[in-house]
Amino acid sequence: MTIAIPSDTTRIFIDRTRLVQAMSTATLQRHLNDVNLNAEVFEMVGRVGIDCLTIELADVVAVLKQHGLI
């Protein structure tokens with residue numbers, strides 16, 4: 001069985017159009033920080049992504065669902 005360690009990261013991509021309709025990347029970053037998640041929101045051409053610790057993936061997904069982004 002593989003165990004996640006703090007240096008592990010995973011990347012979640014979100015549809016940029018849907019994100020823009022809901023909030024800015026800065027706002028999403030603030031929401032993640034407010035719940036003390038070690039995640040970084042970044043922009044790419046046509047896409048928005050989030051880098052987060054693998055061990056915090058479930059928490060990040062919960063925040064994204066709360067805001068209707070996934």
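**Exercise 1. Place Val48 in this predicted model and decide whether Val48 is buried or exposed.**

Solution. Begin with the position in the chain: Val48 lies in strand E3, which covers residues 47-53. Next, take the relative accessibility, which is 1% for Val48; because buried means under 20%, Val48 counts as buried. Then look at the surroundings: apart from residues up to four places away in sequence, Val48 touches Ile12, Phe13, Ile14, Arg16, Leu19, Thr25, Val41 and Phe42. Finally, as a distance to check in the model, the C-alpha atoms of Val48 and Ala62 are 17 Å apart, with the two positions 14 residues apart in sequence.

**Exercise 2. Starting from Thr25, which is one of the residues that Val48 touches, work out which elements cover the buried residues of H2.**

Solution. Thr25 belongs to helix H2, which runs over residues 25-34, and with a relative accessible area of 17% Thr25 is buried. Setting aside neighbours within four places in sequence, the contacts of Thr25 are Leu19, Val41, Glu43 and Val48, and with Glu43 there is also a polar contact of 3.0 Å between the two side chains. Widening the view to the helix, the buried residues in H2 are Thr25, Thr27, Leu28, Gln29 and Leu32. In an α-helix there are 3.6 residues a turn, so residues three or four places apart point the same way. The cover over the buried residues of H2 includes strands E1, E2 and E3, together with helices H1 and H3.

**Exercise 3. Find the aromatic pair in the structure and describe its geometry and its place in the chain.**

Solution. The structure holds 1 aromatic pair, formed by Phe13 and Phe42, whose rings are 6.2 Å apart from centre to centre with 85° between their planes. Because an angle over 60 degrees counts as edge-to-face, this pair is edge-to-face. The pair links distant parts of the chain, since Phe13 sits in strand E1 (residues 9-15) and Phe42 in strand E2 (residues 39-44), 29 residues apart. As for accessibility, Phe13 is partly exposed at 38%, whereas Phe42 is buried at 16%.

**Exercise 4. What is the sign of phi in Asn36, the residue that follows H2, and is Asn36 buried or exposed?**

Solution. First locate the residue, which is found in the loop between H2 and E2. Most residues other than glycine have a negative phi. The phi of Asn36, however, is positive, near 55°. Last, compare the accessibility with the cut-off: Asn36 has 65% relative accessibility and therefore counts as exposed, as exposed means over 50%.

Conventions: Residues numbered from 1 in each chain as written. Predicted model: local features only at pLDDT ≥ 70, side-chain atom pairs only at ≥ 80, totals over all residues. Heavy atoms only, no water. Phe/Tyr/Trp six-rings, centres within 6.5 Å; stacked < 30°, edge-to-face > 60°. Helix = DSSP H or I, 4+ residues; strand = E, 2+ residues; numbered from the N terminus. Buried < 20%, exposed > 50% of the residue type's maximum accessible area, 1.4 Å probe, protein only. Polar contact = N/O pair within 3.5 Å; in protein donor to acceptor, adjacent residues only side chain to side chain. Contact = heavy atoms within 4.5 Å.
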